[in-house]
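Visitor: I have a structure open and would like to talk through its charged side chains and its cysteines. Could you take me through them?

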Amino acid sequence: MPDKSTSSDAPAPAATETPQATSAARKIYPIVKFGDPILEKPGAAIKKFDAELEQLAEDMFASMYAAQGVGLAAPQIGLSLRIAVVDVTGGKNPEARIVLANPEIVHAEGEVREEEGCLSIPGFRGYVLRPQFVTIKAQNAKGETFEIRGENLLARAFCHEIDHLNGILFLQHLSMLKRDLIKRKIKKLRKQGEW
Ligand SMILES: [Zn+2]
């Protein structure tokens, strides 16, 4: 059930229109899938905030919208860096676009158990316990530090993306039984050349 209220960077609800790209043609990165070791290693801190990084963030938004996700972390496009983008409106509200460079959780509160998916693990979902509210500290693409509080889906997206930057996938939050089942199915898909 890939609807926005329960997904993280999983497919957003069917968009009625394609979100408008901000300016010039953006690079659409292919999404790295489960099995690639880059997804399971921590990314390097962002140290250089320049035009190149701003461009990367824009390309990440474009790639995320193209994949109909609500969050995308750099390791998912093959870059082991601590940067992610989030937009839980799926491109409908430009003000909802959030760039998270070097993000960290400073406060978490409450618990919500909801179904979650991941663009890197297409077709599979699972219930994950996440905080209901989280406050995170991060830098934007210009290097300016900010704090932002998220609730429910936004809190979930922040946690899911920060996990990615630490090499953690939502599968690791599932029971071993459920995790092994998904891994077995993926293995089978890979053998059939469908992954
Ligand atoms: Zn993900």
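Visitor: Let's start with glutamate 116 and arginine 156: buried or exposed?
Guide: Both glutamate 116 and arginine 156 are buried, and I should add at once that this is a predicted model.

Visitor: And what do the side chains of those two form?
Guide: The side chains of glutamate 116 and arginine 156 form a salt bridge, with 2.7 Å from N to O. Glutamate 116 sits in strand E4 while arginine 156 belongs to helix H2 (residues 153-165), so this contact ties together parts of the chain that are 40 residues apart in sequence.

Visitor: Which residues are joined with them into one network?
Guide: Through salt bridges that share partners, Glu116, Arg130, Arg156 and Asp163 are joined into one network.

Visitor: How far apart are the closest N and O atoms of arginine 130 and glutamate 116?
Guide: In the salt bridge between arginine 130 and glutamate 116, the closest N and O atoms are 2.7 Å apart. This pair also links distant parts of the chain, since arginine 130 is in strand E5 (residues 125-130) and glutamate 116 is in strand E4 (residues 112-117), 14 residues apart.

Visitor: What relative accessible area do those two have?
Guide: Arginine 130 has a relative accessible area of 5% and is buried, and glutamate 116, at 0%, is buried as well.

Visitor: OK, stepping back, how many salt bridges are there?
Guide: The count comes to 8 salt bridges. One of them pairs glutamate 54 with lysine 142, where the closest N and O atoms are 3.2 Å apart.

Visitor: Where do glutamate 54 and lysine 142 lie?
Guide: Glutamate 54 is part of helix H1 (residues 51-66), whereas lysine 142 is in the loop between strand E6 (133-139) and strand E7 (145-151), so their salt bridge ties together parts that are 88 residues apart in sequence.

Visitor: What about the accessibility of glutamate 54 and lysine 142?
Guide: Glutamate 54 counts as partly exposed, its relative accessibility being 32%, while lysine 142 is exposed, with a relative accessible area of 54%.

Visitor: Changing topic, how many disulfides are there?
Guide: The count comes to 0 disulfides, where a disulfide would need a pair of cysteine sulfur atoms within 2.5 Å.

Visitor: And cysteine 118 and cysteine 159, buried or exposed?
Guide: Cysteine 118 is buried, with a relative accessible area of 2%, and cysteine 159 also counts as buried, at 6% relative accessibility.

Key
Residues numbered from 1 in each chain as written. Predicted model: local features only at pLDDT ≥ 70, side-chain atom pairs only at ≥ 80, totals over all residues. Heavy atoms only, no water. Salt bridge = Lys/Arg side-chain N within 4 Å of Asp/Glu carboxyl O. Helix = DSSP H or I, 4+ residues; strand = E, 2+ residues; numbered from the N terminus. Buried < 20%, exposed > 50% of the residue type's maximum accessible area, 1.4 Å probe, protein only.
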